[in-house]
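Dear colleague,

I am passing on the structure below, and would be grateful if you could look through it alongside my notes.

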Amino acid sequence: MSQQPHATHDDSCIFCKIATGQIPSQRVYEDDELIAFKDIRPAAPVHLLIVPREHIPMLAAAGPQHEGLLGRIMLLAPRLAVENGATNGFRTVFNNGEDGGQEVYHLHLHVMGGPRPWRAMP
Ligand code: AMP
Ligand code: ZN
């Protein structure tokens with residue numbers, strides 16, 4: 001599975017549309033390869049999604065060529081957490097596949113923080 005090719009853009013994908021600006025989002029970060037925006041249904045006071053512009057369907061579809069990209073996603077998480085108010089800790093989550101509870105099949109890292117209690121994630 002990890003070696004299967006995938007299109008770098010999917011016209012029917014909501015996060016591809018957010019990345020290109022076709023669908024609005026509350027963007028908190030962007031660069032050449034990544035965007036980050038506020039989750040539309042936050043599970044915590046701070047709930048961000050870090051999303052590569054490339055349409056990678058899920059973590060299990062990433063390959064060795066994505067090693068650097070995945071590292072940059074992880075390293076961006078603490079910076080954006082603090083910048084957006086999660087100053088007392090945060091949680092990172094990749095949902096992968098059906099049993100992983102993934103709803104949007106474009107790889108994204110959840111970054112959640114802020115004072116508890118939080119809404120339970122499914
Ligand atoms: P997952 O279950 O990991 O696939 O999570 C997808 C997340 O995307 C959910 O937390 C949704 O609330 C969020 N989401 C879906 N559509 C949008 C949108 N248009 N803007 C921001 N977040 C969204
Ligand atoms: Zn996509």
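The notes below cover the metal site, the cysteines and one peptide bond.

This is a predicted model, in which local features need pLDDT of at least 70 and side-chain atom pairs count only at pLDDT 80 or more, while totals for chains, interfaces and linings use all residues. Residues are numbered from 1 along each chain as its sequence is written, chains are lettered from A and ligands numbered from 1 in the order in which they are written, and side-chain values use heavy atoms, with hydrogens and water left out.

The zinc ion (ligand 2) has as its protein donors Cys13 (SG), Cys16 (SG), His55 (ND1) and His106 (ND1), at 2.0 to 2.3 Å; donors here are N, O and S atoms within 2.8 Å of the metal (3.2 Å for Na, K and Ca), and since water is not among the atoms, sites may look incomplete. The angles among the four donor atoms run from 106 to 116 degrees, and the site is tetrahedral (four donors with all angles between 85 and 135 degrees). Along the chain, the donors follow the spacing C-x2-C-x38-H-x50-H. Because Cys13 lies in the segment before helix H1 (14–20) and His106 in the loop between strands S4 (90–93) and S5 (109–113), the pair ties together parts that are 93 residues apart in sequence; helices (H or I, at least four residues) and strands (E, at least two) are DSSP runs, numbered from the N terminus.

Cys13 counts as buried at 7% relative accessibility, as do Cys16 at 1% and His106 at 0% (buried means under 20% relative accessible area, 1.4 Å probe, protein chains only). A search of the whole structure finds zero disulfides (pairs of cysteine sulfur atoms within 2.5 Å).

Finally, Arg116 and Pro117 are joined by a cis peptide bond with omega about 10 degrees, and Pro117 is placed in the segment after S5; most peptide bonds are trans.

With best regards

Note on methods. Four donors count as tetrahedral if all angles lie between 85 and 135 degrees; four count as square planar and six as octahedral if opposite donors are over 155 degrees apart and all others between 65 and 115; anything else is irregular. Buried means under 20% relative accessible area, exposed over 50%, partly exposed in between (1.4 Å probe, protein chains only).
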